[in-house]
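Thanks for coming. I will go through one structure, a piece at a time, and you can follow along on the screen.

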Amino acid sequence: MKFRRHPKVARGFVGAIMRHTSAFAPAIFAAAIAVIVVWVATNWRLERSLADERAGVAGELATISSRLQTNLNGNVKLLQGLAAGIAVNPEMGQAAFSKLAAEILQPDSQLRSFAAAPGMVVKWVYPEKGNEKAIGLDYRTNEKQRPAAMLARNTHNIVLTGPVELVQGGTAFVVRCPIYINDGTSQVFWGLLSGIVDIPRLYGESGLGSSELEIAISTVPEPDSPKQVFLGSLDTFSKQPVVTSVDMTYGRWTLVAVPKHGWAPYNGIGIFEFYASLLSLCVVAPMIWVGFLTKSRQRTIEKLRLHKKKLVRARQRLEYLSLHDALTGLPNRRFIDRMIAQPQRPGADDCLILIHIDLDRFKEINDTKGHAGGDTVLQTTALRLADLAGPTDVAARIGGDEFIFASWSSDPAPKANGLVQQIVETLEQPLFIDGAECVVGASAGVAWETEQGRGRDLGQLLLNADLALYEAKKTGRGRAAIFTEELRSAAIQSKELADEFDHALDSDELVAFFQPQFDANTLAIAGVEALARWDHPRKGLLGPNAFLDVAEKLGRSGDMDRLILQKALFELTRWDSLGMQIPRVSVNISARRLAQADLLAELSALPVAKGRLCFELLETISFDHLQPVLSEIIPAVKQLGIEIEIDDFGTDHASIVSLLRFEPRRLKIDREIIKPIIASPSQRRLVSSIIEIGRSQNIDIVAEGVETMEHAKILKDLGCHLLQGYALARPMSSQQLIEFCSMKDKGLTGAG
């Protein structure tokens, strides 16, 4: 109020202050600048301290991540080596498995045991001591291990899970590797091989026991539940941690870390402010301090740039390894998939050519020369394909002994034809393994992109090349085949046939036909063989050659056997009610049906008298492979009064010892052996030898394929017990069999 009343007094007061402070203006200005500089520098130092601390944590975490990935990949390689050994010899026993596992298991590996599960049931373990409880574990029924086991089987990939509670006690990481074996025509799922990874040892040797860091590992990038974190605490993810990941072809882990004492501020800030305040008394001091900070900042930035370059190089190296095969150095399947998904066309009019290559004798080399010899073959093949590749071509190994050769051309047909022939001829050239000359050879299927199909999904092109390869291997080794729409149509027809057959089983379209078997001396009916026929709604009556392979591929051969058995027993009851004298009925049984767990329970409930039902086992069933199953099932089947007969004897390589071990009631000689006995004395001697073997073991001999009465007379003279063939009776329906028996009875009555 006083200043308002006396404006002159106010102006004089302000002027006095300005006069007294004007001399300190430069100092005040310098002090203000110093304060600003100190404040800015202090905050920068805080950020730099935090950045340095995070960089240190990132470096240590990167080392731990690298060790962890190296250890896991090393364990997986050992498991793959053991899986390859099993694929070579899937019929090995526990002793052979233990020996192979002991050779493969390295002392510096974190793997502590193996478990092999053919058919998804654990059968072999190593070491056996301490893991006995794991034997018999069925992955299909164990709720804790079933999802991972089925994932490995369905995706054909290695699956890492854990920590898992083991049935033999304790917890561990479990690596599961699906095993496929080649049955001559396709890859067949054999089972799973599991490796148990010792968690404490893995953590310890990977550096996870760090005393300075708080580390947590999760199976997802941003976990929201403690169950998703299997090492450390979920809280660690909320503390602004340093994050890295372990990328593996079989999974991805997210690693985070913070210092155990937390992110600490820079402790020297107070001293820094004190000296900065002293230096701010002069004008030069702030400049010197700013220069010092600028130089220090440049050094820090340079270090960060160098660190970033190292990280970029490491990332590029990891990316290269993920896209290339470790053994041959060629691009892998992932590379090809990426190339197909995002094609880089050399020219606007260029079309993609894909050649799918499969080595013909690779398994023989692996069996005779070992894995080292197999590796030599793969590496030599890779070099030869790489030599054939042009600047824009790609040669890749996509797995096992399979390769892909990709090329581009604006006129793909002539180039593809010439290229595939050149590849086949190049791979037929001999190579040397341990100083010995070997010829491997290859088959190839080729498909190329057409102008009409440009821009479409190129994934179909790979399937087309695969179809062509399948066609080439069907025609023999060292062949090349070109994809055509006819091949696609055949594949579609095969799929349609499989769908129709699946529906046929559920719709009761399968019918039983019966072919009589006759006593060689009296020609009286001694039994009938039940044969499956498909009463197709459009194609009419189809023989087994049209659908047996389909039934096996669908896994429904056991269902077909069950259905024909039911129909045969129904007709046997019907014939008995009509007073027909049919001593027994024989029914074929497949390997899949023999292995069904409920077989004995079903057979025990059948209303059939002892000796009136006979199971025919094809000699082509792998007796050695099914030895444990057969040794248990066949005696139990015989106890139920069901006879055993070996069908198609002489067509395969099963040993007589392995066949006779099961004490069959009859041996049926295959028609291909019977057919030439009229003109071939050597064939008659062979048949005579088989008959003598049967007599010595009290086994009846059945000759099938009796096409003429001269066959029947010769077989009777040789001492054969039973005859079956078109010369005596063809396969017929139940009603036709009733009429046949009626006419036969009338003929005998008339003759009498």
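I start with a single residue, Asn 464, which is buried, with a relative accessible area of 6%. The cut-off for buried is under 20%, so Asn 464 qualifies. Keep in mind that this is a predicted model. Asn 464 sits in helix H12, which covers residues 459–474. What is Asn 464 in contact with, leaving aside its neighbours within four places in sequence? The answer is Ala 447, Phe 483 and Arg 488.

Now compare Asn 698, in the loop between helix H21 (681–696) and strand E24 (700–704). Asn 698 is exposed, with a relative accessible area of 65%. The cut-off for exposed is over 50%. Its backbone also deserves a remark. Most residues other than glycine have a negative phi, and most peptide bonds are trans. Asn 698 has a positive phi, near 60°.

His 156 is another residue with a positive phi, in this case near 65°. You will find His 156 in the loop between H5 and E3, and it follows H5 in the chain. There is also an unusual peptide bond to point out. The bond from Tyr 126 to Pro 127 is cis, with omega near -10°. Pro 127 belongs to the loop between strand E2 (124–126) and H5.

That brings us to H5 itself, residues 146–155. Which residues in H5 are buried? Ala 148, Ala 149, Met 150 and Ala 152 are. The buried residues of H5 pack against three strands, E3, E4 and E5. Between strand E3 (159–165) and E4 there is a loop, and Gly 170 is in it. Setting aside neighbours within four places in sequence, Gly 170 touches Val 164 and Glu 165. The C-alpha atom of Gly 170 is 9.9 Å from that of Asp 198, although the two residues are 28 apart along the chain.

Next, empty space. Rolling a probe the size of a water molecule over the atoms shows where empty space is left. How many cavities of 30 Å³ or more are there? The count is 4. The largest cavity holds about 120 Å³ of space. It is lined by 17 residues, and those closest to its centre are Ala 115, Ala 134, Tyr 139, Gln 168 and Ile 196. Strand E1 (111–118), strand E4 (171–182) and strand E5 (187–197) are the elements that give two or more residues to this lining. E1 gives the most, with 3 residues. By class, the lining has 11 nonpolar, 5 polar and 1 charged residues.

Now the sheets. Strands of a sheet pair through backbone hydrogen bonds, either parallel or antiparallel.

One open sheet has 4 strands in the order E7-E6-E9-E8, with antiparallel pairing. Its edge strands are E7 (229–231) and E8 (242–248), each pairing on one side only. From one strand to the next the twist averages 30°. Strand E6 (residues 213–218) pairs with E7 over 2 bridges, and there Ile 217 is opposite Leu 231 in E7.

Another open sheet has 5 strands in the order E11-E12-E10-E15-E16, and here the pairing is mixed. Strands E11 (394–399) and E16 (480–482) are at the edges, each with a single partner strand, so one side of each has no neighbour in the sheet. The twist in this sheet averages 20° from one strand to the next. E11 is joined to strand E12 (residues 402–409) by 5 bridges, and the two run antiparallel. Within that pair, Ala 395 is opposite Phe 405 in E12. Helix H9 (residues 333–341) lies across strand E10 (351–359), E11 and E12, running at about 125° to E11.

Last, strand E21, residues 613–618. Why is strand E21 described as largely enclosed by the rest of the structure? Because 5 of its 6 residues are buried. Strand E20 (residues 585–589) runs parallel to E21 and is joined to it by 5 bridges, with Ser 586 opposite Cys 614 in E21. E21 also pairs in the parallel sense with strand E22 (residues 643–649), over 5 bridges. In that pairing Leu 617 is opposite Ile 646 in E22.

That is everything I have for today.

Notes
Residues are numbered from 1 along each chain as its sequence is written. This is a predicted model: local features need pLDDT of at least 70, side-chain atom pairs count only at pLDDT 80 or more; totals for chains, interfaces and linings use all residues. Side-chain values use heavy atoms; hydrogens and water are left out. Buried means under 20% relative accessible area, exposed over 50%, partly exposed in between (1.4 Å probe, protein chains only). Two strands pair if DSSP finds at least two bridges between them. On a 1 Å grid over the protein atoms alone, a cavity is a set of points where a 1.4 Å probe fits but cannot get out, and a pocket is an open set with protein on both sides within 12 Å along at least five of seven lines; lining residues have an atom within 4 Å of a point. Grid points are joined across faces, edges and corners, and a volume is the space filled by probe spheres set on the points. Ala, Val, Leu, Ile, Met, Phe, Trp, Tyr, Cys and Pro count as nonpolar, Asp, Glu, Lys and Arg as charged, and the others, Gly among them, as polar. Contact means heavy atoms within 4.5 Å. Axes are lines fitted to C-alpha atoms, for helices over the stretch in contact, and angles run from 0 to 180 degrees between N-to-C directions.
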